[in-house]
Amino acid sequence: MEGTNPVNKKLAAALSGGAVLVLALSGCSSDDGNKKLDDWAKKVCDSVQPQSKKIADANAAIQKETSDNSSPGDVQKTDSKAFKDMSDAYKSMGDSVKNAGAPPVDDGKKKTDDAVKELNAISKSYGDLKKQVDGLDTKNQADFADGLKDVAGELDKLSKSGNEALEKLQEGEVGKAMGKQDSCKSASATPSGKS
């Protein structure tokens, strides 16, 4: 089983970068009260928090599987489920942000629309990765390792892209309001390997 190990490590490293996306969903604390904005932030944070946990758990499952020197079949099964969970979680986050509506700030609607579009795109990317993993040949160790290398490359790209709209959504007052919510604080405290 040694053959897949370096690739697994690469996959695990690429994945820990993916967790950074979730960390984007938290701001820093402030005491300036804006009831409407606080209500909006609470709505988003409360619904995003379970999805953050789902993503962190999926990351952890892949990390564990890749460090266990597992068989290609086990790696494929774990990765496939993890990518599906991540895809679902990002889709749910997009729905949560959409359902919360625009925050009461300048350009709130545009920022929200952009963030929803981005979350849905990330969801689709993880869905594509699931298909890619499902299609790998687990009977041939070398082919499987090569295939995983491609998946790790895609993951790496995904973890480096895609935060801009989320970050824009959380600039200024919105970020401060989200920072006050316990559910956003605990989302940002999710262990994520390296952030």
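Tyr 90 is a good place to enter this predicted model: with a relative accessible area of 1%, Tyr 90 is buried. Tyr 126 likewise counts as buried, at 1% relative accessibility; the cut-off for that label is under 20%.

These two tyrosines also meet each other. A search of the whole structure finds two aromatic pairs. In one of them, the ring centres of Tyr 90 and Tyr 126 lie 5.6 Å apart and the ring planes stand at 0 degrees, so the pair is stacked, given that planes under 30 degrees apart count as stacked. The pair links distant parts of the chain, for its members are 36 residues apart. Tyr 90 sits in helix H4, which covers residues 72-100, while Tyr 126 sits in helix H5, which covers residues 108-134. Phe 83 joins the picture as well, since ring pairs link Phe 83, Tyr 90 and Tyr 126 into a cluster.

The helices that carry the stacked tyrosines pack against one another. For readers who look at such contacts less often, two packed helices are described by the angle between their axes and the distance between the axes. For H4 and H5 the angle is about 165 degrees, and the axes are 8 Å apart. H4 is therefore roughly antiparallel to H5, as angles over 145 degrees fall in that class. The crossing of H4 past H5 is left-handed. Sorted by class, the residues in the contact of H4 with H5 comprise 11 nonpolar, eight polar and six charged ones.

The three clustered aromatic residues reappear in the interior. The largest nonpolar core has 33 residues, and Phe 83, Tyr 90 and Tyr 126 are among those with the most contacts inside it. Trp 40, Val 44, Leu 129 and Met 178 complete that list. Several helices build this core: H4 and H5 each give two or more residues, as do helix H3 (35-67), helix H6 (141-160), helix H7 (164-169) and helix H8 (172-179). The largest share, nine residues, comes from H3.

Helix H4 also holds a residue with a less enclosed setting. Ser 92 is found in helix H4, and with a relative accessible area of 25% Ser 92 is partly exposed, because that class lies between the 20% and 50% limits. Along the sequence, Ser 92 and Ser 47 are 45 residues apart, yet their C-alpha atoms are 8.5 Å apart in space.

Methods:
Residues numbered from 1 in each chain as written. Predicted model: local features only at pLDDT ≥ 70, side-chain atom pairs only at ≥ 80, totals over all residues. Heavy atoms only, no water. Phe/Tyr/Trp six-rings, centres within 6.5 Å; stacked < 30°, edge-to-face > 60°. Helix = DSSP H or I, 4+ residues; strand = E, 2+ residues; numbered from the N terminus. Buried < 20%, exposed > 50% of the residue type's maximum accessible area, 1.4 Å probe, protein only. Core = buried A, V, L, I, M, F, W, Y, C linked by side-chain atoms within 4.5 Å. Axes fitted to C-alpha atoms, helices over the stretch in contact; angles between N-to-C directions. Parallel < 35°, antiparallel > 145°, perpendicular 65-115°, else oblique. Left-handed = near helix turned anticlockwise from the far one by under 90°. Nonpolar A, V, L, I, M, F, W, Y, C, P; charged D, E, K, R; others polar.
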